[in-house]
Amino acid sequence: MRILVPEKIEENGLEILKQKADVDVRLDLTREQLLECIDQYDALIVRSATKVDAELISRGINLKVIGRAGTGVDNIDVDAATERGIIVVNTPDSNNMSAAEHSIALLLALCRNIPQAYMSLKAGKWERSKFKGVELYDKTVAVLGLGRIGSLVASRLKAFGMNVIGYDPYIPQERFDSMGVEKVDSINEIMQRADFITVHLPKTNETMGIISKKEFDMAKKELRIVNCARGGIVDENALYEALKAKRIAGAAIDVFTNEPKEGAAGEGFSHPLLELDNIVFTPHLGASTVEAQRNVGLAIAQQVLNALEGNVVEAVNLHGLNMKAATRLAPYLNLAEKMGRIYYQVESLPAEQIELVYSGDISKEDTRIITLSYLTGLLQPVTDERVNFVNIEKIIHERGIQVIESKNSHVDYFVNLITVNVKNKERMMTFAGTIFGKEEPRIVNFDGFEVDFMPTEHMLMVQNIDRPGIIGQVCTILGDNSINIANMKASRNTKHGINLMVLDVDSDISDEVLAAVKRVDGVLKAKELNL
Ligand SMILES: NC(=O)c1ccc[n+]([C@@H]2O[C@H](COP(=O)([O-])OP(=O)(O)OC[C@H]3O[C@@H](n4cnc5c(N)ncnc54)[C@H](O)[C@@H]3O)[C@@H](O)[C@H]2O)c1
Ligand SMILES: O=C(O)CC[C@@H](O)C(=O)O
């Protein structure tokens, strides 16, 4: 496995990655160089400066994972990654405390003119009256976005004795109540009431420019605003005009719409906002603490390796899948994936409708992830695309396959049973599987035949007329070709006089051996299965 790291991540994370992969840390890569070399890597780990857009993703023909060492994934084209089955992982819980504390630091620095006073004193001046500040106590502060960081900021601002109001239409009233934050339903009201605003929104089409000229025109003259989320959520031109005209009192900014990459050569930065005096700023330092970088380094290394190794991960593009349940349901995911692989190995007509029936104990679980596992197993062998949980629903939809899930708490004989009915344009085929003990997968119905076998890598499935001598001849052919039989199950359909044999063998079955089996008088079908 090869991993490219074009931005600085903490050594602890790199060490973990290096135990399992070749890691290239290349901080000086230009965009052109990145585009040229990305095809050599299985994973890419970035912070906020590298634009992982559709062009880069399309060049990353071997990319399986994109890791964002941090929270915001606005520099990653997640849709383009999803389209190609590339898992996008981030570390949302690793730096939120640092980002929250930095927001408070910026707010205090702004209120007390700390950077300006520092510069003045450094210049040998003693200017006490010039730097008169304001208190937070008893003022109204509006928190925009009460997610991970916003809620930490809100609770800390309450400790300053502030009246905290909040704007976040996507969280319930109860959460506002439990935080002791007054819920405000419109940005207009926020602008009219707030002495301070602190922004903790994600960068989305909806949030970009959410505070712009119209909003500043409604604001109190004393308003001071902090943006430690993403550049552009507070429109930079409107902010510049409002600050220059002293329409508002001040701003503190950690993030900009266009930020340079901190390259080996140390790129410069200029911006009209830097000319103003009633503003304080930092170069995107919200997550730049010893603790956050240590947490982020560790978390991103584990996330990326887990994703590369095919383990369960909390990914940005896993669309609400209950990944915690996935760990518990791992034996069923394995069974379903193996069951999925059966269909196209025994049938060539495209599946048009798939019904998965979950019976017994398993019916009480959130089974969506098991269904996705089945569908991944179904399509992986018949497509060149990488198919996984990330893009399987989209591919199934594009192929026009209808998927139905149903549940049934009762089941005969088994504690749990997954039955799959696959309909094509000519007929319906049924397969069923269960878990024996804690994790042993068993196929118990194979195209209508009652069987009981463990799916393995090398299998031979034979259907023959139910009469003596055929099983013996098939086994002799395998033996003559040095193919060892590890296990064999036979099941008969008395109504149609057909027998099904499923043999678990120790090695590949060549085309010649398969042809010889098919030539046996009375053999109707023979297929090699790789489950
Ligand atoms: N400066 C830094 O170094 C730094 C570090 C970490 C995170 N961040 C940024 O901080 C921001 C917040 O991160 P988080 O982890 O708290 O995110 P989060 O997803 O936990 O919280 C965001 C909140 O915003 C709300 N929201 C989304 N769209 C909204 C809208 N249109 N109107 C109102 N509310 C809306 C969501 O409901 C959610 O509660 C992100 O932009 C992230 O990229 C910056
Ligand atoms: O890489 C960084 O330090 C920025 C991190 C921060 O913006 C984030 O979204 O996590």
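The domain arrangement, the surroundings of two ligands and one helix are described here for a predicted model.

The protein is divided into three parts: domain 1 (2-93 + 291-308), domain 2 (96-281) and domain 3 (324-529). Taken over C-alpha atoms, the centres of domain 1 and domain 3 are separated by 37 Å. Contact between these two domains involves five residues of domain 1 and six residues of domain 3. On the domain 1 side of this contact, the residues comprise one nonpolar, two polar and two charged.

Ligand 1 is surrounded by 33 residues, of which Gly72, Gly145, Gly147, Tyr170 and Gly286 are the closest. Domain 1 and domain 2 both contribute residues to this shell, and ligand 1 therefore lies between them. Among the helices, H5 (96-111) and H7 (148-159) each provide at least two residues of the shell. The largest share, three residues, is that of H7. In terms of residue class, the surroundings of ligand 1 consist of 14 nonpolar, 13 polar and six charged residues.

The shell around ligand 2 is made up of Arg47, Ser48, Gly70, Thr71, Gly72, Asn95, His284, Gly286, Ala287 and Ser288. Eight of these residues are classed as polar, one as nonpolar and one as charged. Gly72 and Gly286 are found in the shell of ligand 2 and are also listed among the closest residues to ligand 1.

Within domain 3 (324-529), helix H14 spans residues 330-346. The 17 residues of H14 reach 26 Å from the first C-alpha to the last, close to the 24 Å expected at 1.5 Å a residue. The buried residues of H14 are Tyr332, Leu333, Leu335, Ala336, Glu337, Lys338, Met339, Gly340, Arg341, Ile342 and Tyr343. Charged residues are included in this buried set, namely Glu337, Lys338 and Arg341. The buried residues of H14 pack against both helices and strands. The helical partners are H13 (323-328) and H15 (368-379), and the strand partners are S15 (416-423), S16 (428-436), S17 (440-446) and S22 (523-529).

An unreviewed UniProt entry annotates residues 459-531 as "domain: ACT". In the model, the chain over residues 459-531 is 27% helix and 42% strand. The C-alpha atoms at the two ends of this segment are 8 Å apart. Strand S22 (523-529), one of the elements against which the buried residues of H14 pack, falls within the annotated range 459-531.

Note on methods. Residues are numbered from 1 along each chain as its sequence is written. Chains are lettered from A and ligands numbered from 1 in the order in which they are written. This is a predicted model: local features need pLDDT of at least 70, side-chain atom pairs count only at pLDDT 80 or more; totals for chains, interfaces and linings use all residues. A residue is near a molecule or strand if its C-beta atom, placed from the backbone, lies within 6 Å of it. Helices (H or I, at least four residues) and strands (E, at least two) are DSSP runs, numbered from the N terminus. Domain bounds come from an automatic or database domain assignment. UniProt positions are given in the numbering used here, feature names are shortened, and annotations may be inferred rather than shown by experiment. Two residues are in contact if their C-beta atoms, placed from the backbone, lie within 7 Å. The expected span of a helix is 1.5 Å times one less than its number of residues. A residue is buried if 20 or more other C-beta atoms lie within 10 Å of its own, exposed if 12 or fewer, and partly exposed in between; C-beta atoms are placed from the backbone.
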